[in-house]
Amino acid sequence: MLTILEFPDPRLRTRAQPVERVDDALSRLIDDMFETMYAAPGIGLAATQVDVHRRFMVIDVSEEKNAPLVFINPEILEKQGAQTYQEGCLSVPGIYADVDRADRIRVRALDRHGQPFEMWADGLLAVCIQHEMDHLDGKVFVDYLSPFKREQVRKRLAKAAKERAAAGGADADEQRRHTI
Ligand SMILES: [Zn+2]
């Protein structure tokens, strides 16, 4: 299980570098990221969130958790329409807020075997891809909120972290992993 960085950790602001080689080490990391994401539980996880500053992410928006998707060096080629979705983030536990994004996107990436592919995504999958790609650019969804709301989020998270610390160190880590 990997540790997920939490807002306002400055490492979440790192702009990830392109993946140069799709090798066994990357494959193992992808497996660990899926395991961490499913356990959290979450529907997407960008490498940035586990302190790996390379451009890839894992996603599974299916109910049954049986449709894993891997995007390596993803690019958005086209955007259509607009949608508003109440987003949450494993790096900002317990906080949900409306974010406006494109409704439909065409994405190009490499799959986990290093093979290029292109796809159209809409609805929740489109939200998730755009959210995870933001992480690779050092952006967190709370950046879309007003400065006042963002400050409220920061205070709420600081208070929660203090309570966890008071509850005991070892437990605190365990608890954090299971929060969404
Ligand atoms: Zn996120």
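This is a quick walk through the zinc site, the cysteines and the aromatic contacts of a predicted model.

Okay, zinc first. Which protein atoms hold the ion? The donors are SG of C89 plus NE2 of H131 and NE2 of H135, sitting 2.1 to 2.2 Å from the zinc. Along the chain that reads as C-x41-H-x3-H. The two histidines are both in helix 2, residues 123-136, and because they're four residues apart there, about one helical turn separates them. As for accessibility, H135 is buried at 0%, H131 is buried at 7%, and C89 is buried too, at 3%.

Now, disulfides: how many turn up in the whole structure? Zero. Take C128: the nearest cysteine sulfur belongs to C89, and that's 9.9 Å away. C128 is buried as well, with 4% relative accessible area.

On to the rings. The search gives two aromatic pairs. F34 and Y38 have centres 5.9 Å apart and planes at 20°, so that pair counts as stacked. Both residues lie in helix 1, residues 24-39, about one turn apart. F34 is buried at 8%, while Y38 is partly exposed at 28%.

The other pair is F71 with F117, and this one is tilted: 5.7 Å between centres, 50° between planes. F71 is in strand 3 and F117 is in strand 7, so the pair ties together parts 46 residues apart in sequence. Here F71 is buried at 0%, and F117 is partly exposed at 21%.

One last contact: R104 lies over the face of W120, 4.2 Å from the ring centre.

How values were computed
Residues are numbered from 1 along each chain as its sequence is written. This is a predicted model: local features need pLDDT of at least 70, side-chain atom pairs count only at pLDDT 80 or more; totals for chains, interfaces and linings use all residues. Side-chain values use heavy atoms; hydrogens and water are left out. A disulfide is a pair of cysteine sulfur atoms within 2.5 Å. Buried means under 20% relative accessible area, exposed over 50%, partly exposed in between (1.4 Å probe, protein chains only). Donors are N, O and S atoms within 2.8 Å of the metal (3.2 Å for Na, K and Ca); water is not among the atoms, so sites may look incomplete. Rings of Phe, Tyr and Trp (its six-membered ring) pair if their centres lie within 6.5 Å; planes under 30 degrees apart count as stacked, over 60 as edge-to-face and the rest as tilted. A charge sits over a ring if NZ of Lys or CZ of Arg is within 6 Å of the ring centre and within 35 degrees of the ring normal.
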